[in-house]
Amino acid sequence: MPTSKEQRSLFGEILDWMLAPLLLLWPMSVALTWLVAQSIANKPFDRDLAEMTRVLSKQVVLRQSPEGARSAAFTLPTGATELLHSDEADDIYYQVLGLRGELLSGERSLPLPPDDEPVVVDEVRFRDGEMNSDDLRIAYAWVALPGRNGDPPLALVQVAETLGKRSRLATEIIKGVILPQFVILPLAVLLVWLALVRGIAPLNELQQRIRRRDSSDLSPIDEREAPEEVSPLVRAINDLLARLDQSIGAQKHFLADAAHQLKTPLAGLRTQAELAQREIDAGQHEPQALKKSLQQIAHSSQSAAHMVNQLLAMARAENQAQEAQRQNVNLARLAIETVRDFVPRALEKRIDLGYEGPEAGRGALNDKGATVSGNPLLLRELIRNLVDNALQYTPAGGTVTARIVDDPFGQVVVLQVEDSGPGIPVAEREKVFRPFYRTLGTDVDGSGLGLAIVREIAVQHGAHIQLEDANLRHRPGLSDQGGAAFGPGARFTLRFPAAGARTDDEPGSKAVAA
């Protein structure tokens with residue numbers, strides 16, 4: 001079974017990002033403190049070593065024998081021995097080498113300076129070394145002895161000291177710096193935690209205000225009471241609440257209209273049933289009277305069934321989950337199949353119902369120019385409602401035509417349904433797409449939902465709707481019985497984005513009714 005993703009805590013994530021660097025920097029601080037402490041501890045003791053080296057360097061002199069041979073001589077001053085051994089904490093060693101590297105005084109085993117190091121006269125230098133497994137700090141200087149000719153001869157003076165005092169001083173410095181951090185670090189963690197608790201408190205207050213709201217309260221949340229960083233989230237929630245309020249309001253209005261529209265056929269059913277029952281109870285068994293009542297019952301039940309089917313189609317058209325069922329659909333094939341389904345009804349009303357466009361058969365099935373991306377059930381419902389609306393309002397002897405027009409550039413697929421009926425006035429062309437709206441002056445039975453379903457499906461498929469006069473004449477040869485007057489007719493033109501075409505209209509954009 002797939003494991004559910006662990007819910008993230010904003011408080012914990014901020015705390016982690018603040019404490020993790022702090023805990024990472026603390027060991028680095030200890031290491032840097034150790035290095036700085038070593039440097040600080042070396043400075044005073046290095047000064048003492050340098051002073052001892054200078055004092056000893058002054059005791060090196062140049063002697064010349066009667067034969068003319070020159071040599072270095074070193075005489076340890078009185079009291080210097082006590083000075084070199086007066087330190088009880090560390091051992092101090094010295095070494096004096098003559099002109100030819102011979103030992104004049106001091107420790108012979110004291111290590112010499114590196115051979116590749118350049119010689120600088122009368123400058124005290126420092127290096128680290130080791131003797132008898134003891135780490136040493138060594139100060140040394142090359143001493144120039146004045147001679148008569150050429151470069152002056154050089155002697156080497158070194159003074160070394162073990163590192164006991166330096167280590168103890170460095171340890172004391174580290175203790176003085178690190179130990180307070182063991183108190184400061186937990187205190188800093190506590191202060192960070194308290195600061196986060198206080199900083200996130202407005203979010204908790206916002207959460208409580210939303211939780212205390214009644215389920216019917218869809219008023220916007222006051223952005224001024226939320227932190228500035230949360231304002232975009234609050235605005236998004238307010239936008240969602242506004243759209244939800246609008247959707248719920250539309251549903252309430254729709255349900256109220258649907259209930260009102262269903263009252264008429266249901267009341268007719270009840271009235272006709274009661275009338276037939278009274279006639280039977282009164283002993284009237286005239287077949288014509290009962291047949292008339294049964295016809296009215298059938299008509300009312302048919303109206304109710306049609307209303308329910310239209311409501312279901314409207315609900316299906318408004319269901320956004322249908323978006324996931326999109327596929328490439330041949331609009332010409334759907335138009336041909338829908339027109340065939342309405343042929344018996346057109347013959348009954350003596351209406352010339354036809355189709356124009358890619359021919360039935362292989363042409364219509366394989367014509368890629370008539371292919372759109374959408375839900376086949378919804379698109380079939382759209383064409384069915386357009387044709388049904390045209391047949392309802394076209395008088396006997398009229399013409400209804402469904403047409404598929406290809407775009408030569410392959411960007412859109414045009415669907416047209418036109419009739420020779422009374423037409424729709426310009427002032428009402430936007431209103432006819434509203435649910436349950438019926439054009440004034442017509443006595444045609446209907447639910448008033450057909451064109452509303454058409455627009456909803458068109459919106460979901462990114463199609464533009466244009467409504468205009470058809471200006472058709474009924475075809476010759478069909479008698480106009482009953483004196484029915486043919487009007488300018490109505491032409492519904494829907495432009496669908498072709499499958500795979502790049503358009504600026506995304507699915508879900510508003511359809512335009514002109």
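At 37% relative accessible area, Glu123 comes out as partly exposed, and its side chain makes a salt bridge with Arg125, with the closest N and O atoms 4.0 Å apart. That pair is one small piece of a predicted model whose chain has 514 residues, 36% of them counted as buried. Here's a tour of the charged pairs, the nonpolar cores, the aromatic pairs and a patch on the surface.

**The chain overall**

- Eleven helices and 14 strands make up the secondary structure of the chain.
- Take the contacts with a separation of 6 or more: 70% of them are between residues 24 or more positions apart.
- About 30900 Å² of the chain is exposed, and carbon and sulfur atoms supply 56% of that area.

**Salt bridges**

- How many salt bridges does the structure hold? The count is 19.
- Arg403 and Glu418 are one such pair, with their side chains meeting at 2.7 Å, N to O. Arg403 sits in strand S11 (residues 399–406) and Glu418 in strand S12 (residues 412–419), so this salt bridge ties together parts that are 15 residues apart in sequence.
- Are these two charged residues buried or exposed? Both Arg403 and Glu418 are buried.
- Elsewhere, salt bridges with shared partners link Asp46, Asp90, Asp128, Arg137, Glu161, Lys165 and Arg166 into one network.
- Within that network, Arg137 pairs with Asp128, and their closest N and O atoms are 3.0 Å apart.
- The two ends of this bridge sit in unlike surroundings: Arg137 counts as buried because its relative accessibility is 15%, under the 20% cut-off. Asp128 counts as exposed because its 58% is over the 50% cut-off.

**The largest nonpolar core**

- The largest nonpolar core has 44 residues, and the members that touch the most others are Leu331, Leu382, Leu386, Leu415, Phe492, Leu494 and Phe496.
- Which elements give two or more residues to this core? They are the helices H7 (331–341), H10 (376–393) and H11 (450–460), along with the strands S11, S12, S13 (464–469) and S14 (490–497).
- H10 is the top contributor, giving eight residues to the core.
- Phe492 is worth a click: leaving aside neighbours within four places in sequence, it contacts Leu386, Asn389, Leu415, Gln416, Val417, Ile424, Phe433, Leu451, Gln466 and Leu467.
- Apart from this core lies another one, of 18 residues, including Val60, Tyr94, Leu145 and Val159.

**Helix H11**

- H11 is mostly covered, with nine of its eleven residues buried.
- The buried ones are Gly450, Leu451, Ala452, Ile453, Val454, Ile457, Ala458, Val459 and Gln460.
- Just after H11 comes Gly462, which takes a positive phi of about 65 degrees.

**Aromatic pairs**

- Searching the whole structure turns up two aromatic pairs.
- One of them is Phe74 with Tyr94, a tilted pair at 6.3 Å centre to centre and 40 degrees between the planes. Since Phe74 lies in strand S2 (residues 70–74) and Tyr94 in strand S3 (residues 92–97), the pair ties together parts that are 20 residues apart in sequence.
- Phe74 and Tyr94 are both buried.
- Phe433 and Phe492 form an edge-to-face pair, with 6.3 Å from centre to centre and 85 degrees between the planes.
- Where does that second pair sit? Phe433 is in the loop between S12 and H11 and Phe492 is in strand S14, 59 residues apart, linking distant parts of the chain.
- Phe433 and Phe492 are buried too.

**A nonpolar patch on the surface**

- Which residues form a nonpolar patch on the surface? Leu187, Leu190, Leu191, Trp193, Leu194 and Val197 do, and together they have about 540 Å² of accessible area.
- Leu190, one of the six named, is in helix H3 (residues 164–199).
- Leu190 has 44% relative accessibility, so it counts as partly exposed.
- A general point helps when looking at a patch like this: an α-helix has 3.6 residues a turn, so residues three or four places apart point the same way.

Definitions and conventions
Residues are numbered from 1 along each chain as its sequence is written. This is a predicted model: local features need pLDDT of at least 70, side-chain atom pairs count only at pLDDT 80 or more; totals for chains, interfaces and linings use all residues. Side-chain values use heavy atoms; hydrogens and water are left out. Patches are made of residues with over 30% relative accessible area and no salt bridge: like charges are joined within 9 Å, nonpolar side chains (Val, Leu, Ile, Met, Phe, Trp, Tyr) within 5 Å. Accessible areas come from the Shrake-Rupley method with a 1.4 Å probe; for residues, only the protein chains shown count as cover. Helices (H or I, at least four residues) and strands (E, at least two) are DSSP runs, numbered from the N terminus. Buried means under 20% relative accessible area, exposed over 50%, partly exposed in between (1.4 Å probe, protein chains only). A nonpolar core is a set of buried Ala, Val, Leu, Ile, Met, Phe, Trp, Tyr and Cys residues joined through side-chain atoms within 4.5 Å. Contact means heavy atoms within 4.5 Å. Rings of Phe, Tyr and Trp (its six-membered ring) pair if their centres lie within 6.5 Å; planes under 30 degrees apart count as stacked, over 60 as edge-to-face and the rest as tilted.
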